[in-house]
Amino acid sequence: MVKIGIDLRPLQSESRFRGIGGVLIQITNQLLSHFDVAKNDIEVVFYQEANDKFQQPSELLTIPAGLKVTNFIVAESRTADGAIAKSKKYLSKVDQLDTDSLDLFIQFDFKFGVPTRTKTVLIEHDLVLPIFWQLYYPRFIAKLPLAFLFNNPLISSLFKRLYTINRRKSVNAATKIVAISNTTKRDLENILHVPANKIEVIYHGIEEINTEANGKLVNFPTKPFLFFIGGTDGRREVDQLVKAFDQLKANGYDIQLALAGAHFKDINSINEPKLMTAIENSPYRADILLLGFVDAYTKAKLYEQTQAFVFPTLYEGFGLPILEAMQRGSLVVAYDNSVIREIGAEHVIYTQSGEELYATLSAVLTMDVIERENRLASAKAYSAGFTWDKAGQQYFNLIEEVINDGTKD
C-alpha cells in the first residue's frame with residue numbers, strides 16, 4: 001500500500017483565509033477523489049497540530065467514505081502567531097517532520113517543513129518576500145522585542161540573507177516543485193537557483209460558485225460600485241485605488257467602493273498605514289464599504305454586479321481573483337506587471353500605475369455597452385479554460401510520476 005502524507009497545518013493558521021488555504025482545499029479534494037479510485041492501494045495521512053483555534057482541517061475537505069485516512073499530530077508548533085513564531089517558520093530546519101513511513105509527502109507551504117528523507121512535492125506560490133523585502137521587513141521587526149535594534153540596513157540585509165539561504169535549502173530539498181505560473185518558475189530559477197527540470201508549472205482552476213443558494217448579503221453596495229478583494233500589504237496599492245475613487249467622486253461619478261478580505265473587517269483591522277490614512281481622510285468615506293471576509297456566495301454577487309474589479313497589485317504569483325472576476329462577468333482592471341499579463345492575457349484592462357488608475361477607471365465607467373458586453377463574453381469564455389479538474393489531473397499525474405521514480409531526486 002502506498003502512503004501519502006498531506007500537510008494540513010496551513011489550514012490551522014491565518015493561511016486558511018488566504019490563497020494558500022483555498023488552493024490547499026481545492027487540490028487536496030481533487031487528489032482525494034483520484035486516490036479514491038485506487039483506495040485499496042492508497043492510505044492518506046493528514047499532518048496536523050493539536051490546535052483548536054480554527055475549524056478542524058478535515059471538516060473543510062470532502063473525504064471519500066471508503067478511502068483510508070489517518071491523522072498524524074505534529075509535536076512542534078508552526079501555526080502560532082507573532083513575529084518570533086514566524087521567525088521559527090522561516091528559519092527552522094527542513095527535516096524535522098517524521099515522514100519516514102511515507103512513500104510521498106505533499107507540502108503546500110515551505111514554512112511548515114520540507115522533509116529531506118522522503119520524496120516530497122512542494123507547491124510554490126510566489127517569492128514576494130525576497131522580491132519586496134524592503135516593504136515587508138519593517139512590518140516584521142515591528143512585532144519583535146526591542147524592534148529599534150533591528151531597524152538598520154545591515155541587520156535587514158543579514159535577515160534577508162538568512163531567509164533566502166533557508167528558503168533555498170527548503171525548496172531544493174523537495175523532489176519536485178510545482179510552480180503556479182511561469183512567472184513563479186522564473187523567480188525560483190533566478191532567486192533560489194532551482195534547476196528548471198525540477199519545476200512543473202500547473203495553473204490554478206476556478207471554483208464554480210452556486211449563486212442559486214440563499215446567501216446573506218450584509219452591507220452590500222447600494223449604488224454602482226468598484227470592487228477589490230485581497231490583502232492589504234504594501235504590494236497591493238489599494239491606497240491608490242482609494243485616491244482614484246476620490247477623484248471619480250469629485251468628478252461626478254455617484255459610485256461606491258467595496259473592499260473585501262480578512263483585513264477589511266473595519267478600519268482598525270487594516271494593517272497598512274498608507275491605506276488606513278487614505279480611507280480615513282477620504283471626503284467620501286461613507287461610500288467606502290469595508291466588508292471583511294465574505295463567503296463564496298457574496299463574493300460571486302460582488303463580482304457579478306460590480307462596474308469593475310480593480311486589482312492594483314505590484315506582484316502576484318498567479319492572480320486568481322482576476323480569473324474569478326472574469327468567470328462571474330466582471331471587467332478587470334489591473335497593473336501590467338509580474339504574472340498578470342501571463343494569466344489575464346488580453347482580457348484585462350491594463351494600467352501602468354496608480355497615477356493612471358483614475359483615467360483608466362473613468363474610461364471603464366463610460367465604456368460603450370456593446371464593447372463592454374463583448375469584453376465580458378470573451379473573458380468569460382477564456383476563464384473557462386482554468387478548471388480544478390484539469391489542475392487535479394495534472395497534480396495526480398505528477399504524484400504518480402514521482403512515486404514511480406526509483407530515486408528521491
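**Entry 1: helix α10**

I began with the buried residues of α10, which are Leu320, Pro321, Ile322, Leu323, Glu324, Ala325, Met326 and Gln327. I was working with a predicted model. The helix runs over residues 320-327, and eight of its eight residues are buried, so I noted α10 as mostly covered. What covers them? I found β8 (225-229), α9, β11 (308-311), β12 (332-335), α11 and α13 (369-383) among the elements that do so. I also looked just past the end of α10, where Gly329 takes a positive phi of about 90°.

**Entry 2: helix α9 and Ala300**

Since α9 is among the elements covering α10, I looked at one of its residues next. Helix α9 spans residues 296-305 and holds Ala300. Is Ala300 buried or exposed? Ala300 has a relative accessible area of 0%, so I wrote it down as buried. I then checked a distance from Ala300 to Ile255: the two are 45 residues apart along the chain, and their C-alpha atoms are separated by 19 Å.

**Entry 3: aromatic rings**

How many aromatic pairs does the structure hold? I noted 19 of them. I picked out Phe110 and Tyr163, an edge-to-face pair with 6.4 Å from centre to centre and 75° between the planes. This pair links distant parts of the chain, with Phe110 in the loop between β4 (104-107) and β5 (120-124), Tyr163 in helix α5, and the two positions 53 residues apart. Both Phe110 and Tyr163 are buried. For Phe110 I have the value too: its relative accessibility is 6%, and a residue under 20% counts as buried. I also compared Phe110 with Arg161; they are 51 residues apart in sequence, and 17 Å lies between their C-alpha atoms.

My other pair was Tyr303 with Phe309, again edge-to-face, at 5.5 Å centre to centre and with 75° between the planes. Tyr303 and Phe309 are both buried. They also belong to one aromatic cluster, whose members are Phe227, Phe228, Phe264, Tyr303, Phe309 and Phe311.

**Entry 4: where α4 meets α5**

Having met Tyr163 in helix α5, I went to see how that helix packs. Helix α4 (residues 133-141) and helix α5 (residues 153-173) pack at an angle of about 105°, and their axes are 11 Å apart. An angle of 65 to 115 degrees counts as roughly perpendicular, and therefore that is how I describe α4 and α5. Which residues make the contact? From α4 they are Trp133, Gln134, Tyr137 and Phe140, and from α5 they are Ile155, Ser156, Phe159, Lys160 and Tyr163. Sorted by class, the contact has six nonpolar, two polar and one charged residues. I was pleased to see Tyr163 turn up here, as it is also the ring partner of Phe110.

**Entry 5: helix α6 and the loop after it**

In α6, I listed Thr183, Thr184, Lys185, Asp187 and Leu188 as buried. What do the buried residues of α6 pack against? My list reads β5, α3 (128-131), α5, β6 (176-179), β7 and α11. Just after α6 comes His193, with a positive phi of about 55°, although this residue is not a glycine. I placed His193 in the loop between α6 (182-191) and β7 (199-201).

**Entry 6: around α11**

Helix α11 appears in my notes on the packing of α6 and on the covering of α10, so I looked at what follows it. Ala345 lies in the loop between α11 (340-344) and β13 (349-351). Its phi is near 50°, a positive value in a residue other than glycine. Why do I call Ala345 buried? Its relative accessibility is 19%, and the cut-off is under 20%. In this part of the chain I also looked at Arg341, which lies over the face of Tyr350, 3.9 Å from the ring centre.

**Entry 7: Gly21 in helix α1**

My last stop was Gly21, which lies in helix α1 (residues 19-37). At 0% relative accessibility, Gly21 counts as buried. Which residues does Gly21 touch, leaving aside its neighbours within four places in sequence? I found Leu11, Ser15 and Arg16. I also checked Pro10: Gly21 and Pro10 are eleven residues apart in sequence, and their C-alpha atoms are 6.4 Å apart in space.

Definitions and conventions. Residues numbered from 1 in each chain as written. Predicted model: local features only at pLDDT ≥ 70, side-chain atom pairs only at ≥ 80, totals over all residues. Heavy atoms only, no water. Axes fitted to C-alpha atoms, helices over the stretch in contact; angles between N-to-C directions. Helix = DSSP H or I, 4+ residues; strand = E, 2+ residues; numbered from the N terminus. Parallel < 35°, antiparallel > 145°, perpendicular 65-115°, else oblique. Contact = heavy atoms within 4.5 Å. Nonpolar A, V, L, I, M, F, W, Y, C, P; charged D, E, K, R; others polar. Buried < 20%, exposed > 50% of the residue type's maximum accessible area, 1.4 Å probe, protein only. Phe/Tyr/Trp six-rings, centres within 6.5 Å; stacked < 30°, edge-to-face > 60°. Lys NZ or Arg CZ within 6 Å of the ring centre and 35° of its normal.
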